[in-house]
Amino acid sequence: MFCEKAIELIRELHRVSDGQLPAFNEDGLRQVLQEMEALYEQNQADVSEAKAAGRGDLIPSIKLRHCCLLRNQRCVVAYLYDRLLRIRALRWEYGSVLPANVRFHMSAEEVQWFGQYKKSLASFMRSIGGQEGLDVTQDMKPPKSLYIQVRCLKDHGEFEIDDGTVILLKKNSQHFLPRWKCEQLIRQGVLEHVMS
Amino acid sequence: MFIADIKKDFYEVVANQRVALLVAADIDGLCACKILQALFHCDQIQYTLVPVTGWQDLSTAFLEHKEQFRYFVLINCGANVDLLEMLQPDSDSIFFICDTHRPVDVVNVYNDTQIKLLIKEDDDLGVPTYDDIFRDEDEEEEGEGSGNESDEGSEPSGKRRRFDEGAIERRIERQRAKRQWEARRREILFDYEQYEYHGTSAAMMFFELAWVLTKDTKDMLWWSIIGLTDQWVHDKIPHMKYVSDIATVQRHVSRHNHRNEDEENSLSIDCMRISFEYDLRLALYHHWSLYESICNSYYTACSFKLWTLKGQKKLQEFLADMGLPLRQVKQKFKSMDVTIKENLRDVIEESSNKYGMKDIRIQTFGVHFGFKNSFLASDMVHAAAALLESTERDENDPTDNFIKALDSLSRSNLDRLLSGIDLAKKKLIAIQQTVASCICTNIILSQGPFLYCYLMEGTPDVKLFSKPLALTLLCKYLLKAFVQSTRNKRCKLLPLIMAAPKDMEKGTVIVVGIPPESETSDKKNFFGRAFEKAAESTSSRTLHDHFDTSIIELKSEDRSKFLDALITLLS
């Protein structure tokens with residue numbers, strides 16, 4: 001049936017849990033585009049025939065194919081756009097350097113788009129907040145305190161904080177550290193914020 | 001050295017520094033740690049918390065963190081050994097020790113620079129005076145030097161000989177005095193270090209710090225109550241001390257409850273209220289059925305002798321005497337008939353007096369927050385102890401359990417606390433069953449100076465008893481049950497040593513010794529030193545890793561010779 005492949009693409013994105021980026025389904029996309037091309041060719045042929053030979057009975061099939069084309073287009077655009085949204089969220093979550101496994105899942109154009117997004121976000125951040133700019137990707141929720149209590153979930157070795165002191169992150173040890181230093185590690189899952 | 005002003009000499013010293021907290025794995029330590037953490041949060045003092053389960057753990061943790069931290073706070077560990085010798089720290093590391101283990105090692109008391117003890121100096125310590133133990137070596141050598149000098153300065157041989165004799169005599173005299181002094185010193189130290197016991201709860205110590213800083217909250221007060229109750233539940237302090245500490249805490253409680261008395265509804269029902277309760281000594285009875293609680297609390301189970309048929313009948317009589325229908329009593333306490341619950345405590349007290357249980361009621365505290373949640377301090381102690389030593393999962397990382405138990409003490413982690421209560425119920429049932437089977441199969445043997453019991457590998461729930469706190473509790477209940485059930489007058493005054501398999505692969509057993517059961521016992525335990533000496537004399541492979549010296553790990557093969565050595569030592 002027509003448009004099956006396009007729905008496959010959408011389902012793939014839907015299946016993956018929120019926020020994660022699956023591998024770029026180049027194959028699937030190509031198949032959809034091929035289907036669209038085939039439909040378009042058939043439609044062209046039929047339209048010229050309908051015009052020339054006045055075959056009115058071809059009109060419904062032309063309409064059907066046109067609807068399929070529109071549907072395919074919509075699905076493909078939705079697929080690409082959703083991926084871009086996820087990539088954008090990655091910038092806010094991981095920072096400007098993406099982990100290698102995530103980058104592996106992006107297509108070349110997506111990587112380029114990411115680079116440009118990074119640049120425009122950086123220039124925006126530089127423009128606000130006076131001289132040195134303001135990093136808006138920190139403190140996504142208003143912080144309640146300067147320091148937070150964190151618990152180490154796995155052995156991470158040594159970790160250096162701003163004033164040069166080094167902390168040994170051993171499993172199940174708890175620490176009371178400045179908030180901004182911990183956020184990265186909390187996102188990576190090494191530390192866990194403990195609220196008592 | 002002892003700290004005189006805890007605010008000035010401890011808190012203000014660490015105020016702008018980063019601190020490492022090394023906390024031992026017992027409930028009192030956990031509560032003290034919670035209070036200190038809350039204080040540190042208030043004042044933005046950065047810290048790192050590391051749980052430690054024994055001396056080896058302590059050394060490892062110290063080695064890992066000594067580069068990064070200058071100030072170490074040790075909670076419930078470190079006072080009873082020579083810490084500087086064990087850890088070999090740099091000269092700028094400072095240790096603040098708040099430990100309930102006594103006797104405090106004399107080196108720790110008299111070291112002025114690196115060791116600061118957060119212990120009240122009058123806490124019935126009985127530390128020997130400085131001159132009795134330490135002696136300056138200078139005087140002696142001076143005497144020798146002057147003797148030699150006068151030797152050189154003398155002229156003819158006659159005079160020299162006289163000087164020589166004088167010098168020799170003086171030297172002999174000095175040596176004799178020195179030997180006498182050393183003998184006396186050994187005796188004093190032996191007396192001082194012979195018995196091991198516990199002092200004031202660490203949690204109460206830190207609560208006092210919070211109070212002095214006027215940063216105390218009801219949460220901290222509740223934690224200090226739990227710390228004190230832990231000492232009572234695990235039999236670490238004598239009854240008189242418990243009662244006097246309760247009186248101290250009661251003053252704080254009434255101070256905090258002052259607001260309640262103003263108007264009818266001044267505080268919302270969700271706020272935490274701590275109330276003094278003169279409640280029954282039945283473990284976890286609010287969260288269980290009354291019947292189960294009576295069967296599984298050691299006080300009632302031992303008084304009724306519930307491992308015998310006669311005992312069971314007596315229990316039924318007791319319930320009938322109070323007029324409590326069996327259906328009600330076996331139902332969950334919360335769903336029990338309200339009319340029965342109203343006067344329950346008085347009714348039970350009256351009836352238990354008839355059956356010989358004079359102190360069925362004990363002074364304690366309870367907390368209420370929200371409509372559903374009310375807990376007694378002893379409930380929380382049982383729950384936290386069960387979580388701390390849970391053998392549910394196979395990984396059994398002790399630090400995992402430490403974190404779980406620490407979490408359960410916060411009010412926001414109710415589900416953790418409730419799971420702890422479930423585990424505690426299972427533990428109490430297991431203890432009761434083990435006690436019953438031990439008494440019925442008579443595996444408690446009198447070895448002369450003490451009673452001895454060994455739990456075989458196949459005993460159900462024996463995994464539960466490979467942990468020190470659970471095994472100590474089992475020991476205590478078993479001794480009480482044994483004292484009730486035996487007819488031998490002499491055996492009633494003996495202490496008990498219990499051994500249980502600890503680690504199958506390594507083939508070790510855990511051995512615990514508790515002092516004899518008596519009404520006015522001062523809970524002083526001499527097994528620490530006895531175990532050490534016995535291990536030395538038979539060169540058994542033992543591990544004295546636990547902070548309580550009366551709990552050791554021993555290779556199973558060396559069990560019998562170790563016991564023989566103990567018997568000879570103690571007779």
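In the UniProt record, an unreviewed entry, the annotation "domain: DNA replication complex GINS protein PSF1 C-terminal" is placed on residues 144-195 of chain A. In the predicted model described here, this stretch of chain A is 19% helix and 42% strand, and its end C-alpha atoms are 11 Å apart. The same kind of record, again an unreviewed entry, gives the annotation "domain: GINS subunit" to residues 56-128 of chain A. Over residues 56-128 the chain is 84% helix and 0% strand, and here the end C-alpha atoms are 63 Å apart.

Aromatic rings offer a route from chain A into chain B. Ring pairs link Tyr147(A) and Phe176(A) with Tyr11(B), Phe40(B) and Tyr47(B) into a cluster. A search of the whole structure finds 25 aromatic pairs over all chains. One of them is formed by Trp55(B) and Phe547(B), whose rings meet edge-to-face at 4.8 Å centre to centre, with 80° between the planes. Because Trp55(B) belongs to helix α3 (residues 55-65) of chain B while Phe547(B) lies in the loop between β15 and β16 (551-555) of chain B, this pair ties together parts that are 492 residues apart in sequence. Trp55(B) has a relative accessible area of 9% and is therefore buried, and Phe547(B), at 4% relative accessibility, counts as buried too.

Another edge-to-face pair is that of Phe276(B) and Phe365(B), with 5.5 Å centre to centre and 75° between the planes. Phe276(B) sits in strand β8 (residues 273-280) of chain B and Phe365(B) in strand β9 of chain B, so that the pair links distant parts of the chain, 89 residues apart. The two rings differ in their exposure: Phe276(B) is partly exposed, with a relative accessible area of 36%, whereas Phe365(B) is buried, at 0%.

Strand β9 (residues 361-369) of chain B runs antiparallel to strand β10 (residues 373-376) of chain B, and four bridges join them. Within this pairing, Gly366(B) has Leu376(B) in β10(B) as its bridge partner. The two strands form a hairpin with three residues between them, and in the turn Gly370(B) has a positive phi of about 75°.

Leu376(B) also leads to His286(B), a residue in the loop between β8 and α12 (290-296) of chain B. Leaving aside neighbours within four places in sequence, His286(B) is in contact with Leu376(B), as well as with Asp279(B), Phe333(B) and Lys334(B). His286(B) has 18% relative accessibility and counts as buried, because the cut-off for that class is under 20%. Charged side chains over aromatic rings also occur in chain B: Arg281(B) lies over the face of Tyr299(B), at 4.5 Å from the ring centre, and the charged end of Lys330(B) sits over the ring of Tyr291(B), 4.6 Å from its centre.

Helix α21 (residues 468-485) of chain B contains Gln484(B), which counts as partly exposed at 30% relative accessibility. Not counting residues up to four places away in sequence, Gln484(B) touches Cys302(B), Ser303(B) and Lys305(B).

Further along chain B, strand β14 (residues 508-514) has seven of its seven residues buried, so this strand is largely enclosed by the rest of the structure. Both of its faces are covered, with Thr508(B), Ile510(B), Val512(B) and Ile514(B) buried on one side and Val509(B), Val511(B) and Gly513(B) buried on the other. Strand β13 (residues 496-503) of chain B pairs with β14(B) in the antiparallel sense over seven bridges, and Leu496(B) stands opposite Ile514(B) in β14(B). Four residues separate these strands in a hairpin, where Gly507(B) in the turn has a positive phi of about 70°. β14(B) also pairs with β16(B), in the antiparallel sense over five bridges, and there Val511(B) stands opposite Ile552(B).

The loop between α22 (527-538) and β15 (542-543) of chain B holds Ser540(B), which counts as buried at 9% relative accessibility. The side chain of Ser540(B) makes a polar contact of 2.5 Å with the side chain of Thr538(B). Setting aside residues up to four places away in sequence, Ser540(B) touches Ala535(B), Leu554(B), Asp558(B), Lys561(B) and Phe562(B).

Key: Residues are numbered from 1 along each chain as its sequence is written. Chains are lettered from A and ligands numbered from 1 in the order in which they are written. Side-chain values use heavy atoms; hydrogens and water are left out. UniProt positions are given in the numbering used here, feature names are shortened, and annotations may be inferred rather than shown by experiment. Two strands pair if DSSP finds at least two bridges between them. Buried means under 20% relative accessible area, exposed over 50%, partly exposed in between (1.4 Å probe, protein chains only). A polar contact is a pair of N or O atoms within 3.5 Å; within protein, one must be able to donate a hydrogen and the other to accept it, and residues adjacent in sequence count only if both atoms are side-chain atoms. Contact means heavy atoms within 4.5 Å. Rings of Phe, Tyr and Trp (its six-membered ring) pair if their centres lie within 6.5 Å; planes under 30 degrees apart count as stacked, over 60 as edge-to-face and the rest as tilted. A charge sits over a ring if NZ of Lys or CZ of Arg is within 6 Å of the ring centre and within 35 degrees of the ring normal.
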